[in-house]
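Student: Please take a close look at a single part of this model, and then set that part in the context of the whole chain. I would be grateful if each technical term were explained when it is used.

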Amino acid sequence: DSSVVNGPDSVFVCAGDTLTLTVNVDSFPSGFDPMWYMVDCGDPRYFIHYGYTLKIVIDSTTMIYLRGENAYNVTSCAGLLAVIEAYPVPFVSGPPNACLGDSLQFFASGGQNYSWLGPDSIPFPEQNPWLTPITASDSVVYHVTVSSEHGCSASDSVVVSVLPAPGIDAQITDVSCFGDTDGSIAISTL
């Protein structure tokens, strides 16, 4: 049959996103209009759209069909399985406090791919990166984007408070004479 509509077998779409399917006008059978159906091809109860581009939000995995129709004939149906993929739920953790110069490790789970972004906008593509040494002088935020196998993504962040270095006060009393033991050193934190 020369009036066949071809396409991929399946496509993944993130839950709640708009699925856009476009017919290649040059390869669509001449003299036919593109008709889109869900669940059952050709059944008027499942007709969803007429035209070369279909934009639809679906809430569950379903079959979408396309066929060419005119007043005298129809083409065969091409089916596409639209698979809904849930957004990942990121779980992130890291130390709540750190001192200047400390090394920090952050942890993320809940997806397949991970990308961290620190305060200097330097990306870290690891799942559980070590950052050494910390140089900020105040609270810093580290963001992570967690992606699923087919690109659905969600983000979360960790705030780290950078503690100031402790102040030290030293009081030194010299010995009164060489060999005496009356000198002292007193150290206190501020």
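Tutor: The part chosen here is the set of cysteines, and we begin with C177, which is partly exposed at 45% relative accessibility. In this scale, buried means under 20% relative accessible area, exposed means over 50%, and partly exposed lies in between, with a 1.4 Å probe and protein chains only. The model is predicted, so local features need pLDDT of at least 70 and side-chain atom pairs count only at pLDDT 80 or more, while totals for chains, interfaces and linings use all residues. Residues are numbered from 1 along each chain as its sequence is written, and side-chain values use heavy atoms, with hydrogens and water left out.

C99 is likewise partly exposed, at a relative accessible area of 34%. The next topic is the bonded cysteines. A disulfide is a covalent bond between the sulfur atoms of two cysteines. In this model it is recognised as a pair of cysteine sulfur atoms within 2.5 Å, and the count by this rule is 2 disulfides.

One of them joins C14 to C152, with the sulfur atoms 2.0 Å apart. The torsion about this S-S bond is about -110°, and the disulfide is therefore left-handed. C14 belongs to strand 1 (residues 10-14), whereas C152 sits in the loop between strand 15 (140-147) and strand 16 (153-163), so the pair ties together parts that are 138 residues apart in sequence. Strands here are DSSP runs of E with at least two residues, helices are runs of H or I with at least four, and both are numbered from the N terminus. Both C14 and C152 are buried.

The other disulfide joins C41 and C77, whose sulfur atoms are 1.8 Å apart. This link is also left-handed, with -80° about the S-S bond. It connects distant parts of the chain: C41 lies in the loop between strand 3 (33-38) and strand 4 (47-50), and C77 in the loop between strand 6 (62-69) and strand 7 (78-85), 36 residues apart. C41 is buried because its relative accessible area is 18%, while C77, at 34%, is partly exposed. With bonded cysteines counted along the chain, the disulfides follow the pattern 1-4, 2-3.

Charged side chains also form links. A salt bridge is a side-chain nitrogen of Lys or Arg within 4 Å of a carboxyl oxygen of Asp or Glu, and 2 salt bridges are counted. One pairs D43 with R45 at 2.6 Å, N to O; here D43 is buried at 13% relative accessibility, whereas R45 is exposed at 66%. In the other, E69 and R67 meet at 2.7 Å, N to O, and both of these residues are buried.

We turn finally to the whole chain. Its secondary structure consists of 0 helices and 18 strands. The C-alpha trace spans about 120 × 30 × 20 Å along its principal axes. The chain has a radius of gyration of 32 Å, whereas a compact globule of 190 residues would be near 16 Å; this radius is taken over C-alpha atoms, and the globule rule is 2.2 Å times the number of residues to the power 0.38. Of the 190 residues, 31% count as buried.
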